[in-house]
Amino acid sequence: MIPEESFGASVLEKRMHSVGLALEELLVTAQKQDCLTMGIYESAQLLNADPDSVVLCVLAADNEDDVALQIHFTLLQSFCCDSGITILRVSGVHRLQRLLGAVDANRNQTEHGDLHCMLVTNPQADHCRLQEVGTYCQESRRLDQWVPELVLQER
């Protein structure tokens with residue numbers, strides 16, 4: 001017989017893995033559709049100019065000790081929360097670099113260097129993966145997790 005705690009942890013791990021895959025697919029699709037803004041400065045500009053076009057804000061960091069980055073995250077989170085934009089914090093920046101850098105081999109490294117903040121804007125016809133990620137974020141908020149978190153798995 002499987003202990004209840006092990007069963008719950010296993011279900012949670014599978015759910016997080018599934019949402020991680022959904023997020024990865026969503027980000028790659030958004031990048032291909034030119035619906036992905038990358039970079040803290042670029043994201044702040046878009047949020048200032050057209051916040052209604054943003055459907056998801058992804059904040060990625062593996063180092064919690066970067067105070068300047070945490071200040072930027074706090075400001076972006078506050079703005080997104082006030083604007084009703086879904087926010088998701090992820091760790092696994094190296095995974096994101098490999099994932100998003102591999103989409104277009106013709107882009108140079110500096111074009112996708114800042115993946116700490118990414119905004120997904122109006123992907124075509126409510127991309128099914130956006131719904132899965134959004135549902136995960138809503139469920140997390142119901143569990144009193146103000147900013148849902150996700151760990152992207154290295155492959």
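Val67 is found in helix H3, which covers residues 67–83, and with a relative accessibility of 57% Val67 counts as exposed, because the threshold for that class is over 50%. In this predicted model, Val67 joins Ile71 and Leu75 in forming a nonpolar surface patch of about 310 Å². Helix H3 also holds Gln77, but Gln77, at 6% relative accessibility, counts as buried. Leaving out residues up to four places away in sequence, Gln77 touches Leu59, Ile87, Arg89, Trp146 and Val147. Gln77 and Leu88 are eleven residues apart in sequence, and their C-alpha atoms are 9.3 Å apart in space.

From this helix the view can be widened to the whole chain. The secondary structure of the protein chain comes to five helices and five strands, and read along the sequence these follow the pattern α-β-α-β-α-β-α-β-α-β. Of the 155 residues in the protein chain, 43% are buried, while the accessible surface comes to about 9000 Å², with 52% of that area belonging to carbon and sulfur atoms. Among the contacts in the chain with a separation of 6 or more, 83% are between residues 24 or more positions apart.

The interior can be followed through its nonpolar cores. The largest nonpolar core has 28 residues, of which Leu23, Leu27, Leu56, Leu88, Val90 and Met118 touch the most other members. Two or more residues are given to this core by each of helix H1 (4–32), strand E1 (36–38), strand E2 (54–60), strand E3 (86–91), helix H4 (93–101), strand E4 (117–121) and helix H5 (128–142). H1 gives the most to this core, with seven residues. A second, separate core of 16 residues includes Leu47, Ala61, Ile85 and Val147. Returning to Leu23, its contacts beyond the neighbours within four places in sequence are Leu56, Val58, Leu88, Val90, Val133, Leu150 and Leu152.

A polar residue with no accessible area is Ser43, which lies in helix H2 (residues 40–49) and is buried, its relative accessible area being 0%. The side chain of Ser43 reaches the backbone oxygen of Gly39 at 2.6 Å, and Ser43 also touches Thr37, Cys117, Met118 and Leu119, again not counting residues up to four places away in sequence.

Charged side chains provide another set of links, for the structure holds four salt bridges. In one of them, the side chains of Arg15 and Glu139 meet at 3.1 Å, N to O; Arg15 lies in helix H1 and Glu139 in helix H5, so this pair ties together parts that are 124 residues apart in sequence. Arg15 is partly exposed at 25% relative accessibility, and Glu139 is likewise partly exposed, at 31%.

The side chains of Arg129 and Glu25 meet in a salt bridge as well, at 3.1 Å from N to O, and because Arg129 lies in helix H5 and Glu25 in helix H1, the pair ties together parts that are 104 residues apart in sequence. Arg129 also forms a salt bridge with Glu132, where the closest N and O atoms are 2.6 Å apart; being three residues apart in helix H5, these two are separated by about one helical turn. Glu25, Arg129 and Glu132 are thus linked in a network of salt bridges, in which Glu25 is partly exposed with a relative accessible area of 35%, whereas Glu132, at 19% relative accessibility, counts as buried, because the limit for that class is under 20%.

Conventions. Residues numbered from 1 in each chain as written. Predicted model: local features only at pLDDT ≥ 70, side-chain atom pairs only at ≥ 80, totals over all residues. Heavy atoms only, no water. Patch = residues over 30% accessible without salt bridge, like charges linked within 9 Å, V, L, I, M, F, W, Y side chains within 5 Å. Areas by Shrake-Rupley, 256 points an atom, 1.4 Å probe, with all protein chains shown as cover. Helix = DSSP H or I, 4+ residues; strand = E, 2+ residues; numbered from the N terminus. Buried < 20%, exposed > 50% of the residue type's maximum accessible area, 1.4 Å probe, protein only. Polar contact = N/O pair within 3.5 Å; in protein donor to acceptor, adjacent residues only side chain to side chain. Contact = heavy atoms within 4.5 Å. Core = buried A, V, L, I, M, F, W, Y, C linked by side-chain atoms within 4.5 Å.
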